[in-house]
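Here is a short note for a colleague who is meeting this structure for the first time. Please read the points with the model open beside them.

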Amino acid sequence: MPRLNQSLLGGLTEVGQPQYVRGNLQPGIVHIGTGAFHRAHQAWYTEQILNSGDLRWGTVGVSLRSATVRDALEPQDYLYTVATADQDRFDLAIQGGLLRIVNSPEALLQMVVDPQVQIVTLTITEKGYADESRRGVPALLAESLLKRMHKNQPLTVISCDNLSENGRALADRVMAHAQADRDSGLSSWIRDHVSFPSTMVDRITPATTAADRQRIQDAAGYLDAAPVVCERFSQWVIEDRFATDRPQWELAGAQLVSDVVPFEQVKLRVLNATHSVLAYTGLLKGYEFIHDAVADTQLRDFALQTLEHEIKPNIDVPEGLDIDDYIRGVLIRFANAAVPYKTMQVASDGSQKMSQRIFPSLNDCWDRGLSAPRLEFVVCAWIRTLAGVADDGSPISYNDPGADRIKNELAKCEGLQEQFAAAWRQLTSFDPLDEVMQTRLAECYTRLAQKGVNASLRHERFFDR
Ligand code: CS2
């Protein structure tokens, strides 16, 4: 079986391929975080622009955390396959827009200063924004911008992570580093020459598995060590605020708008929040995949009731969007077993995700003097998964560096009430709860721990209201 590489192009009939001469690509984009999501999303939009003939937008990838993707793609001339999957179809397309991947901060700094580079895009996950170290991405961006300032070259920096107002969040972090360097004049130069558009990104793209690689190999007739499998649906809403030239991503279906916030809010509070609801309750009930959790009528009804009563009423729905259609669409997408998404993948890094997806709705309900028993239940379910025991007694474990310490602490706590109080204090930034709320939440947590999701949901009578 041949390995995918440049020499195979042209000889393949069943697979989409670059329609341009790769040797003519210019490095117009630097992308930080070359994981599956980037390759199935932003790179896929850009590929269509390259196919239309505008070759200024080749991408240099940067992987600072691991060399795995680089090592897999280098022998393939940085070609990889995107498989779009649903019940009926499995379409393959080779993407040619990635020029190379670099791994060191030094190489990143060197790359960003290239005058052909106009855009930096990022998928560094929620926790990448909280990294304040000198080697964290915000600090490295500030350092790169200093180099660009010396050459007076503007730049557009686009966050593609699931954070509300992600552009502003990134700009704030970068500015904090720029301001620390007071004498350079960097922060005022950034204000005038660099833009940080916010974006809403959406395409379900699970981490690639060995089974995916095998399936692609069987269908394509070549070996690809780093393909990605994703759903057909894709959405990219970008704030139209560029300090530089840009690819005409709208030709590939992206929406350029003046205000992304309403789109981000709907996506985070509906899609991502429901993903997390199904992930935590699903993990406790023993489901490995989101499509299994959403097929459980109890969990599905619970998610729908949470949306209806505690999420939807607080959303500013973007003009022209039918929110009920959107919700129906999200549940259909979650049921797509051809793109199996692990509950554990969604659950991971909850310490960073909850404040983007669940807490804002909870906060809005509480601010309006309303109780939010379903969202409170979700928070309890999240803490239960950190305590590490599923309803049938089997262990649960997933990655969350931000919660590692509390996971150990939970194991040491005397009783369930104490467990809950410790987790709540350390994992949320809510004001201290009044006594009534504290009792209510601690009771919900205790019942969940003692009786499990099934009985607790029945007890709470969420479905009658
Ligand atoms: C998911 C998202 O893993 C997760 O936390 O909720 O990655 C989700 O699949 C994407 O945001 C969909 O666009």
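Which residue just after α16 takes a positive phi? Gly369 does, with a phi of about 75 degrees.

1. This is a predicted model, in which local features need pLDDT of at least 70 and side-chain atom pairs count only at pLDDT 80 or more, while totals for chains, interfaces and linings use all residues. Residues are numbered from 1 along each chain as its sequence is written, and side-chain values use heavy atoms, with hydrogens and water left out.

2. In helix α16 (residues 359–367), the buried residues (under 20% relative accessible area, 1.4 Å probe, protein chains only) are Phe359, Pro360, Ser361, Leu362, Cys365 and Trp366. These buried residues pack against α10, α12, α15, α17, α19 and α20, where contact means heavy atoms within 4.5 Å.

3. Helix α10 (residues 261–285) also meets helix α13 (residues 323–334): their axes, which are lines fitted to C-alpha atoms over the stretch in contact, come within 11 Å and cross at roughly 40 degrees. On the α10 side the contact includes Val266, Val270 and Leu278, and on the α13 side Ile327, Val330 and Phe334 are among the residues met. By class, this contact has 10 nonpolar, 2 polar and 2 charged residues.

4. α19 (416–427) and α20 (435–460) each supply at least two residues of the lining of the second largest pocket, and the largest share, 6 residues, comes from α19. The residues of this lining divide into 7 nonpolar, 4 polar and 3 charged.

Note on methods: Helices (H or I, at least four residues) and strands (E, at least two) are DSSP runs, numbered from the N terminus. Ala, Val, Leu, Ile, Met, Phe, Trp, Tyr, Cys and Pro count as nonpolar, Asp, Glu, Lys and Arg as charged, and the others, Gly among them, as polar. Axes are lines fitted to C-alpha atoms, for helices over the stretch in contact, and angles run from 0 to 180 degrees between N-to-C directions. Buried means under 20% relative accessible area, exposed over 50%, partly exposed in between (1.4 Å probe, protein chains only).
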